[in-house]
Amino acid sequence: MLDRGMKKTDLKTELGLGPSTVAKFEKGENVSMDVLDKLCTHFACTPNDIIEHVKE
């Protein structure tokens, strides 16, 4: 997002995301596969480009 000069509100509007989904981004919580698909399609990337697996 930063590379493209986007704010969270821009992303919310352009992808039709709800406020709870944006809040999950801020908290580092899990989001649905549908949201990941929207992000990957919008940014022309793969899930590996936007997520990180953290083993607890």
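Start by selecting Thr21: at 15% relative accessibility, Thr21 counts as buried (buried means under 20% relative accessible area, exposed over 50%, partly exposed in between, with a 1.4 Å probe and protein chains only). You are looking at a predicted model, where local features need pLDDT of at least 70 and side-chain atom pairs count only at pLDDT 80 or more, while totals for chains, interfaces and linings use all residues. Residues are numbered from 1 along each chain as its sequence is written, and side-chain values use heavy atoms, with hydrogens and water left out.

Thr21 sits in helix H2, residues 19–27 (helices are DSSP runs of H or I with at least four residues, strands are runs of E with at least two, and both are numbered from the N terminus). Now add Val31 and Val35 to your selection: setting aside neighbours within four places in sequence, these are the residues in contact with Thr21 (contact means heavy atoms within 4.5 Å).

Keep Val35 and bring in its companions Met6, Leu11, Leu15, Leu17, Leu36, Leu39 and Phe43, and you have the eight residues of the largest nonpolar core. Such a core is a set of buried Ala, Val, Leu, Ile, Met, Phe, Trp, Tyr and Cys residues joined through side-chain atoms within 4.5 Å. Colour by element next: helix H1 (8–15) and H3 each give two or more residues to this core, and H3 provides the largest share, with four.

Follow H3 (33–43) to its end and select Ala44, in the loop before helix H4 (47–50). Is Ala44 buried or exposed? With a relative accessibility of 72%, Ala44 counts as exposed. Check the backbone here too. Most residues other than glycine have a negative phi. Ala44 is not a glycine, yet its phi is positive, about 50°.

Time to zoom out and show the whole chain. There are four helices and zero strands, giving the pattern α-α-α-α along the sequence. The radius of gyration is 11 Å, close to the 10 Å of the globule rule for 56 residues, so the chain is as compact as a globular protein of that length (the radius is taken over C-alpha atoms, and the rule is 2.2 Å times the number of residues to the power 0.38). Along its principal axes, the C-alpha trace spans about 30 × 25 × 20 Å.

For a last view, colour by burial: buried residues make up 20% of the 56 residues.
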